Amino acid sequence: MKRLTVLIVLLIGSTLAGAEIYKWTDKEGNIHFSDTPVPGAILLDGSVEGQPSATHKTVSSGWEVKVVGIADGDTITVLHDGRERKIRLYGIDCPEKGQSFGKRARQFTSNMVFNKSVDVRPVTSDRYGRTVAWVYANGMCLNEELLRAGMAWHYKKYSSDSKLAELEAEARQRTAGLWSIPGAVPPSDFRQGKKTTIVARCETKARMQTSVNTREEVYHGNLKTRKFHRPGCRYYNCSNCTAVFHSREEAIRAGYVPCKVCRP
Ligand SMILES: [Zn+2]
């Protein structure tokens, strides 16, 4: 209760400072205040404490949907119009499953919204056909809360939202969540890194293959006939075939001619 009072005082204070404050009542009859709009909320102008002003505006609705799945910290599944729909949280990027705090970010999101009714406000859709959106639960913005808890990065590549940037900066300062790890790798770099590693490994393997082949292709030259042979030739290990060359070119440069049987 004390916390609620403090919150109200803070919010009224910021109202006077010019920020927009919204008030709404949930199904249980609890009154909420926030600086983020949710459906059915009333914009307070601060003229009368806690009372809607004559010029209030009602915030338009998003989707009122139930959360039925959590893929990871920043991706959830909701039931919308009777079918499951993937929602990618706008403007943030949570650590991947294989990264530190990946599991904790997922747990955080699960605790906040799983099996709950949320308000989804679509912003756009991504290349995977997922709806990119703001998600509100219990009057809180999940996108923002993940950042505040140090469970996500502000996804600057796709969002220039200053509030999100600020929340990330604050979480960094407090060394909250993933910011407690020095040199935490952004998930986008991590995903990129994975690809690079695979490519690098393939290239390395190809190079190894080449060097193995090169090493195997040792030619033997016959000191008497001045012919050179490749491995597998019946003359390869003849008694006079003691000159060793590591390439065709080397043999030819030494004045040897390719054998007509093995055609090196
Ligand atoms: Zn030969």
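Here are three short exercises on this predicted model, each with a worked solution.

**Exercise 1.** Find where confidence is lowest and where it is highest in the protein.

*Solution.* Start with the overall picture: the mean pLDDT is 78, and 68% of the residues reach at least 70. Now go element by element. Helix α1 (residues 2-16) sits at the bottom with a mean of 46, while helix α3 (residues 142-148) tops the list at 97. Next, check the stretches below 50. Residues 45-60 are one of them, yet beyond near neighbours in sequence this stretch still has 22 contacts in the model. Residues 195-215 also fall below 50, and there the count of such contacts is zero. Where pLDDT is low, don't read the predicted coordinates in detail.

**Exercise 2.** Work out which elements supply the largest nonpolar core, then look at what V135 touches.

*Solution.* This core has 34 residues, and I92, V118, V135, L146, M151 and A152 have the most contacts inside it. Strands β4, β5, β6, β8 and β9 and helices α2, α3 and α4 each chip in at least two residues. Take V135: skipping neighbours within four places in sequence, its contacts are I87, L89, V113, V118, V120, L142 and N143. A separate core of six residues includes Y219, F245, A251 and Y256.

**Exercise 3.** Trace how β6 pairs with β5 and with β9.

*Solution.* First, β5 and β6 run antiparallel, with six bridges. H80 bridges to R83 in β6. Two residues lie between the strands of this hairpin, and D81 has a positive phi near 50°. Then turn to β9, which pairs with β6 in parallel over three bridges; here I87 has T131 of β9 as its bridge partner.

How values were computed
Residues numbered from 1 in each chain as written. Predicted model: local features only at pLDDT ≥ 70, side-chain atom pairs only at ≥ 80, totals over all residues. pLDDT = per-residue confidence, 0-100. Helix = DSSP H or I, 4+ residues; strand = E, 2+ residues; numbered from the N terminus. Contact = placed C-beta atoms within 7 Å. Core = buried A, V, L, I, M, F, W, Y, C linked by C-beta atoms within 7 Å. Buried ≥ 20, exposed ≤ 12 C-beta atoms within 10 Å, placed from the backbone. Pairing = 2+ DSSP bridges.
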